[in-house]
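Open the model in your viewer and keep the selection panel at hand. The stops below are meant to be taken in order.

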2 protein chains.
Amino acid sequence: MNDRATTTLDQVARQAGVSPSTVSRILNGTAKVSDAKRARVEAAIAALNYRPNVMAQNLARGRSMTVGVVTQDIASPFYSESLKGIEAALADTGYAPLFVSGHWNEADEIERVALLVDRRVDGLIVLTGMLPDEILLETAERVPLVVTGRQLAAPRVFSLDIDHEAGAHTATLYLIGLGHRRIAHLAGVQGHPDARARLAGYRRALDDAGIAYDETLVVDAQFNEEGGVAAIEQLLERRTAFTAVFAANDQSATGARLALYRRGIAVPEQVSLVGFDDLPGSLYCTPPLTTVRQPAYQIGRTAALALLEMMDGKPAPELSLSVELVVRESACAYSQP
Amino acid sequence: MNDRATTTLDQVARQAGVSPSTVSRILNGTAKVSDAKRARVEAAIAALNYRPNVMAQNLARGRSMTVGVVTQDIASPFYSESLKGIEAALADTGYAPLFVSGHWNEADEIERVALLVDRRVDGLIVLTGMLPDEILLETAERVPLVVTGRQLAAPRVFSLDIDHEAGAHTATLYLIGLGHRRIAHLAGVQGHPDARARLAGYRRALDDAGIAYDETLVVDAQFNEEGGVAAIEQLLERRTAFTAVFAANDQSATGARLALYRRGIAVPEQVSLVGFDDLPGSLYCTPPLTTVRQPAYQIGRTAALALLEMMDGKPAPELSLSVELVVRESACAYSQP
DNA sequence: CTGTTAGCGCGTTCAG
DNA sequence: CTGAACGCGCTAACAG
């Protein structure tokens, strides 16, 4: 069946003339072993090129040494950064991440979570997504859980969210400070919690500045480049004047930038543009995009670190990450035409 | 220790009043079972909300139902697409991918591969990377292997490469056809096989057109945005005239585009730009980037499909993927200044 | 310090 | 068609 030579712990024990438990002990440092036997065992291990079977260890220990991570799209420029942070935090801990994608689809996510639970992951990280809180709470009964992008208060849960409203408020206020009064907003997907929060921040900034909210300046947009293109086209068709655009995320900002380019509208000379997220690529847009930085890598790293604590039986730690405006070149002072 | 209720197969058997093997049988469809017992077992499964312990199944079956995937950077826009293809091909096959990053570092990769082998992955996919062929061949003795970005002829190995030389040749010829004669080349990383092949394609195109190779037009560049910026600056310092740039990958092309923007050099009016890869974002550059499309998603998908075949005991399939030039807006006909 | 004895939870003969 | 017995490879008491 399996033609690949695979040495077992028993074989090592036999070769070294000791019992299997002794081998196990020196492998895990579980107990003191005489130097003589230790040497013999180590020699045997080397000679046989023995490597423990992790699956068997897992079964015996009742732990899989894996943590499940449900992201929405493994190729998303934003979430990938978080995955990277998770990967880094888990490196050399013995835990391996199991990444699965939920595709912003509740049914998919439920299935993936089940898959991970069946594989007996020792912990779970859910990056945003569409799962209802109840399912998450239910899942937390079976395994330590970390969720991002939402607040969830429960015993074995650590939730990690940033203040999208404040970020949007800052961005909009920045544009206002630059002299803009007609600020369009690409509002993301209807009903998405992040979108809702960012819109709220936008509105509050307008309020603060005594600028009336004009709904013809606000348009929904998918959270991707295509959505940005479509949104700008829609805005242009409406023939509402605007001198700045605040996009609910960098990908739609990038799409917006292209749509403006296509119409021969210069950024930032004619229209200022601000995004949200600060994707790695946003620094290399032309012009480099001014945006609200969301620490995606840190989010992932922090999530993983918190999960490690929880898997260790410790309580979920406290902390908060903040967003900040990164001023680059896609927005400038409004100048009378 | 473990406070989470976990039902076992034995409990289901007891509850249904049958033997564990019967439960196992109906779980795996291994043999015919009387409808009466089947119904009882299914009821018990539902009542107890039983889910098989995958770790235990794996140990018993001798298969982990996982495939290892070593990528270089989990957040790389190029490789992420391949991961996505792998994920899609593996969906609903029962196999779960285990993604690890090698960071373009031989030592890291060796360690990661060992980690995957220890976890008893049933198959392995290595996306490019720095591993010497010997190590790969050695690994292939233990597990079915698929490698991309290189040619490796061996029994249990499937290698999948695209013709970088041809792609670069096509791109360069395209620029020549547009009337360009002074075509700079951002040559990627010294010694990288892809970089070498792409440079060769560039040179062959020049030869074909009877244009002398001018080494002052060629400059090394990291395969990222920063590398593109640096390369353009270096080129500009050399004060060699050029009317077009062929970058060895899209990320460096994007960096180049920004560097040109900074110097007030218009793309494509003053300098034409062509990249390589066709990253998802390249469609949304301003201007949209003309580039050589490398089917990253397909590569991943094909790799996974081939691996599935091999894990099934079938021989490695044959096939080849091709590159194609995607003409967009970053390059145009050369016009006398 | 060390060997022996039991499992971990399930798949798979092997007899019935 | 079904159950009993054994084994996957390793860890974890339990005696010595």
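The tour goes from domains and chain symmetry to individual charged side chains.

This is a predicted model, in which local features need pLDDT of at least 70 and side-chain atom pairs count only at pLDDT 80 or more, while totals for chains, interfaces and linings use all residues. Residues are numbered from 1 along each chain as its sequence is written, chains are lettered from A and ligands numbered from 1 in the order in which they are written, and side-chain values use heavy atoms, with hydrogens and water left out.

**Domains**

Colour chain A by domain: domain 1 is 9–52, domain 2 is 66–162 + 296–321, and domain 3 is 164–293. These bounds come from an automatic or database domain assignment. The C-alpha centres of domain 1 and domain 2 of chain A are 37 Å apart.

**The axis**

Show both chains. Chain A superposes on chain B by a rotation of 180 degrees with 0.0 Å of shift along the axis, at RMSD 0.1 Å; the fit is by least squares on the C-alpha atoms of residues with pLDDT of at least 70 in both copies. This is how a two-fold axis relates two copies. Contact residues (heavy atoms within 4.5 Å) of chain A recur in chain B at 100%, and the same surface serves both copies. To find the axis, select Leu98(A), whose C-alpha lies 2.9 Å from it, the closest approach of any residue of chain A.

**Arg119(A)**

Next, select Arg119(A), in the loop between α6 (106–118) and β3 (123–127) of chain A. Helices (H or I, at least four residues) and strands (E, at least two) are DSSP runs, numbered from the N terminus. Which side chain of opposite charge is nearest to Arg119(A)? It is Asp122(B), 7.2 Å away, and Arg119(A) is buried without a salt bridge. Buried means under 20% relative accessible area, exposed over 50%, and partly exposed in between (1.4 Å probe, protein chains only). A salt bridge needs a side-chain nitrogen of Lys or Arg within 4 Å of a carboxyl oxygen of Asp or Glu. The side chain of Arg119(A) does reach the backbone oxygen of Ser64(B), at 3.3 Å. Beyond four places in sequence, its contacts include Leu98(A), Val54(B), Met55(B) and Tyr95(B).

**Arg150(A)**

Move to the loop between β4 (145–148) and β5 (157–160) of chain A, where Arg150(A) sits. Arg150(A) is buried at 13% relative accessible area. Its side chain reaches the backbone oxygen of Leu131(A) at 2.5 Å and makes a polar contact with the side chain of Asp133(A) at 2.9 Å. A polar contact is a pair of N or O atoms within 3.5 Å; within protein, one must be able to donate a hydrogen and the other to accept it, and residues adjacent in sequence count only if both atoms are side-chain atoms.

**Salt bridges**

The count over all chains is 24 salt bridges. Select Lys84(A) and Asp73(B), whose closest N and O atoms are 3.4 Å apart. This pair crosses between chains, from helix α5 (residues 77–90) of chain A to the loop between β1 (66–71) and α5 (77–90) of chain B.

Then select Arg328(A) and Asp278(A), a salt bridge at 2.5 Å. Arg328(A) follows β11 (324–326) and Asp278(A) lies between β9 (272–277) and β10 (290–293) of chain A, so the bridge ties together parts 50 residues apart in sequence. Arg328(A) is buried at 18% relative accessibility, as is Asp278(A) at 14%. Add Arg293(A) to the selection: Asp278(A), Arg293(A) and Arg328(A) are linked in a network of salt bridges.

Definitions and conventions
Lys and Arg count as positive and Asp and Glu as negative; His and the chain ends are not counted.
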